[in-house]
Each structure stands twice: as C-alpha cells, then as structure tokens.
Amino acid sequence: MTTTTSGPPGEDAYEIDTDPDRIDIGLVHHWLSTDAFWALGRSRDLVERLMRGSLNFGVYEGEGAQVAYARVVTDHATFAWLCDVYVDPAHRGRGLGVRLATAVRDHLAPYELKRTLLSTLDAHELYAKVGFVPVPDPKMLMILSPTT
C-alpha cells in the first residue's frame, strides 16, 4: 500500500507506505527508545522483533526521508491494535498524525475487523477525527501484565 497525502495548501505532500523495506529501523528505534514516553529504553532487538510481527506504516517526505511511523498488530480477520504512532518533532503540527491514523483505518477497512483498539494518554482528539471513540464498556476489557 502506498498513499500520497497532502496537507494544507503550500505544504509538501507526504507518502505513506507499508513496504517493510522502506522502514528505517535505526531511526524508528531512536524515536521510540529516546523520545516516546511509552517506549523509553526499548532495545534495538525488541524494536526489530515487534516490527517483524506487525504491519508497519512509514511516512516519507518528498525527498524520501522517513518522518513518522505507526504499527498495527492484527490477525487480519477480527482484531487490530494500533500502536507506536510517532511523528518526528520537526514535522509535527502538519496533520501527519491524523493522516497516518486515517491511512491505517483505510488500509484495515477491507478486512471488516470487529475491533481496532489503541491506547493513548493525550491524543484522544486526534484519533476521534478518524472515528475512534472511548471503549463503550471498559469493564469488559481486562489486561494481563507481567508479574514483578
């Protein structure tokens, strides 16, 4: 899947692609392990493993440099989990988060999944723009966390 998306008039177009060979693993590792509060300290090995088991989305500027990333864990039949959405600080404020979430939503639409979930601390408004809503009955959800 490759999608070219433009922002407001006068801004460069960005390309969103799921080709795993285009993902800059070193850059994604750097972003997540040093700047993403939910992934601080993740090892390069862990980032490589999670990418192998996921559907990866890269966002690229006109020159081809990667400027954003997201991944989806899915069975392609009933369930998906959108996670690790990250936009390079130099490209924030241009609507890339919404465009990336929209591309993910549109890419998953043909699978007619029963549920696509995500967890966010502070970006509820961004995800609401593409159709995400709070879990209607959070008492139905449970989590298994590692014991310490």
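**Salt bridges in close-up**

The structure holds eight salt bridges. Please keep in mind that this is a predicted model. The views below start with the whole chain and then move in on some of these pairs.

**Figure 1. The whole protein, with its four helices and six strands.** Starting at the N terminus, the order of elements is β-β-α-α-β-β-β-α-β-α. With a radius of gyration of 15 Å, close to the 15 Å that the globule rule gives for 148 residues, the protein is as compact as a globular protein of that length. Its C-alpha atoms fill a box of roughly 45 × 30 × 30 Å along the principal axes. Of the contacts between residues at least 6 apart in sequence, 55% join residues at least 24 apart.

**Figure 2. Surface and charge of the protein.** Buried residues account for 37% of the 148 residues. The protein exposes about 9100 Å², and carbon and sulfur atoms supply 55% of that area. If you pick out the charged side chains, you will find 14 positive and 20 negative ones, with the centres of the two sets 7 Å apart.

**Figure 3. A salt-bridge network of Glu15, Asp17 and Arg22.** Within this network, the side chains of Arg22 and Asp17 meet at 3.0 Å, N to O. How accessible are the two partners, Arg22 and Asp17? Arg22 counts as partly exposed because its relative accessibility is 27%, in between the limits of 20% and 50%. Asp17, at 6%, falls under the 20% limit and so counts as buried.

**Figure 4. The salt bridge between Arg42 and Asp84.** Here the side chains meet at 2.8 Å, N to O. Arg42 sits in the loop between α1 (25–35) and α2 (44–52), while Asp84 belongs to strand β5 (residues 79–87), so the pair ties together parts that are 42 residues apart in sequence. Arg42 and Asp84 are both buried.

**Figure 5. A salt bridge within helix α2, formed by Asp45 and Arg49.** The closest N and O atoms of Asp45 and Arg49 are 3.4 Å apart. These two residues are four positions apart in the helix, about one turn. Are they buried, partly exposed or exposed, looking at Asp45 and then Arg49? Asp45 has 46% relative accessibility and therefore counts as partly exposed. Arg49, at 45%, counts as partly exposed as well.

Key: Residues are numbered from 1 along each chain as its sequence is written. This is a predicted model: local features need pLDDT of at least 70, side-chain atom pairs count only at pLDDT 80 or more; totals for chains, interfaces and linings use all residues. Side-chain values use heavy atoms; hydrogens and water are left out. The radius of gyration is taken over C-alpha atoms; the globule rule is 2.2 Å times the number of residues to the power 0.38. Buried means under 20% relative accessible area, exposed over 50%, partly exposed in between (1.4 Å probe, protein chains only). Contact means heavy atoms within 4.5 Å. Accessible areas come from the Shrake-Rupley method with a 1.4 Å probe; for residues, only the protein chains shown count as cover. Lys and Arg count as positive and Asp and Glu as negative; His and the chain ends are not counted. The place of a charge is taken as NZ of Lys, CZ of Arg, CG of Asp or CD of Glu. A salt bridge is a side-chain nitrogen of Lys or Arg within 4 Å of a carboxyl oxygen of Asp or Glu.
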